[in-house]
Amino acid sequence: MSQLKAYFNGHIPDLIEFGMKVVLSVLAFYAGTKLIKWFLKITKRSMEKAGVDKGVAQFICSFGKFLLYLILIFNIATYFGVKESSVAALLGTAGVTIGLALQGGLENLAGGVMLLLFKPFQVGDYIIQDQSGGTEGTVYKIEMFYTTLTTVDNKHVIIPNGRLSNSTIINVTAQALRKLEIKVGISYDSDIKKAKKLLYHILQEDPGTKSDKEMQVFVDELGDSAVVLGLRVWVPTEKYWNIKWRLNEKIKIAFDANEIGIPYPQMDVHVVEKRTEE
């Protein structure tokens, strides 16, 4: 105990200096964190005012946050007396090790860069990723490694950028207009020409359809139980579903009012009675 006491007594100035460095480093990290958040906030506002794409702004802020925190930690380490060359070597070794361990992360970073360069979609677009077995939703944000989608039931789906950049992407809202197609079956006893006339009238009268664009009403198929009629019309992309639901309702009401039957699958069975002679 006497030796330990003598050791501490002889190193009190060094211990005080080390403690001060720890306190100052904590304060520097806290202040640096606040400064980074403030800087990123100002940068984001500036890019918004400059009209920079929202996805690009989100990616730059995400990458800038990573870089600024790296610089902050580097400066704190050098303040403790660690040489810059040692820190650089340590970061280089750590970078190689982490890079080998997290190859998927580097792939996601490269994928994010590719998405921003080629811009297959933007924040606010509705996309379908890998139509069979994939996911779909409105692009909420694009970050360094991940892209977040918001589904129609308000769930967040987070997709790695590497996977997203290597998959088939359908951008539903890329164009202002979208072609709507509806098919409905009528009975073989119904008047086809009358039914087509009603469909065409519904398309022309609906306020959401583009009457100056091509409208088509046609016989699509002669099915087993029904004559399948189809219609195609251009509608505003953002109103696609509302117009589709409204047209379906109008078609049913118009067909009922004009005695045009919409059949269900059915089968006629004819029984032939055979008589045996005695």
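Modeller: Contact means heavy atoms within 4.5 Å. The model under discussion is predicted.

Colleague: Against which elements do the buried residues of α8 pack?

Modeller: Helix α8 comprises residues 240–257. Its buried residues are Y240, I243, L247, I251, A254 and F255. The elements against which these buried residues pack are β6, α7 and β8.

Colleague: How wide an arc do the buried residues of α8 cover around the axis?

Modeller: In an α-helix there are 3.6 residues a turn, so positions three or four places apart point the same way. The buried set of α8 includes I243, L247 and I251. These buried residues lie on the same side of α8, because the arc they cover around the axis is only 90°.

Colleague: Which exposed residues does the face of α8 turned away from its buried side carry?

Modeller: A residue counts as exposed when its relative accessible area is over 50%. On the face of α8 turned away from the buried side, the residues that meet this criterion are W245, E249, I253 and A257.

Colleague: What distance does α8 reach from its first C-alpha to its last?

Modeller: α8 has 18 residues, and 1.5 Å a residue is the basis of the expectation. The expected value is 26 Å, and the helix comes close to it: from first C-alpha to last, α8 reaches 26 Å.

Colleague: Which residue with a positive phi follows α8?

Modeller: The helix ends at residue 257. The phi in question is near 55°, and the residue that follows α8 with this positive value is E259.

Colleague: Across which strands does helix α7 lie?

Modeller: In α7 the buried residues are A195, L198, L199, I202 and L203. They cover an arc of only 135°, which means that they sit on the same side of α7. That buried set packs against α8 as well as against three strands. Helix α7, residues 192–205, runs at about 15° to β8, and the strands across which it lies are β6, β7 and β8.

Colleague: Which strands stand at the edges of the open sheet of three strands?

Modeller: The order of this sheet is β6-β8-β7, with antiparallel pairing. An edge strand here has a single partner, so one of its sides is left without a neighbour in the sheet; the strands in this position are β6 (177–186) and β7 (216–222).

Colleague: Which residue in β8 does V219 stand opposite?

Modeller: Strand β8 covers residues 227–236 and pairs with β7 over six bridges. The pairing of these two strands is antiparallel. Within β8, the residue that V219 stands opposite is L229.

Colleague: What is the average twist from one strand to the next in the open sheet of five strands?

Modeller: The five strands follow the order β4-β3-β2-β1-β5, and their pairing is antiparallel. At the edges are β4 (156–160) and β5 (169–171), each of which pairs on one side only. From one strand to the next, the twist averages 40°.

Colleague: Which residue in β3 stands opposite K141?

Modeller: β2 (residues 135–142) and β3 (residues 146–150) are antiparallel partners joined over four bridges. K141 also forms a salt bridge with E143, with closest N and O atoms 3.9 Å apart. The residue in β3 that stands opposite K141 is T148.

Colleague: Is D206, the salt-bridge partner of K250, buried or exposed?

Modeller: The closest N and O atoms of K250 and D206 are 3.0 Å apart. This pair links distant parts of the chain, with K250 in helix α8 and D206 in the loop between α7 and β7, 44 residues apart. K250 has a relative accessible area of 30% and is therefore partly exposed. For D206 the relative accessibility is 3%, so this residue counts as buried.

Colleague: Which residues do salt bridges that share partners join into one network?

Modeller: Side chains of opposite charge can pair when their charged atoms come close. The whole structure contains eight salt bridges. Those that share partners form one network, and the residues it joins are E181, K183, D220 and R232.

Methods: Residues numbered from 1 in each chain as written. Predicted model: local features only at pLDDT ≥ 70, side-chain atom pairs only at ≥ 80, totals over all residues. Heavy atoms only, no water. Pairing = 2+ DSSP bridges. Axes fitted to C-alpha atoms, helices over the stretch in contact; angles between N-to-C directions. Expected span 1.5 Å × (residues − 1). Buried < 20%, exposed > 50% of the residue type's maximum accessible area, 1.4 Å probe, protein only. Arc of directions from axis to C-beta. Salt bridge = Lys/Arg side-chain N within 4 Å of Asp/Glu carboxyl O.
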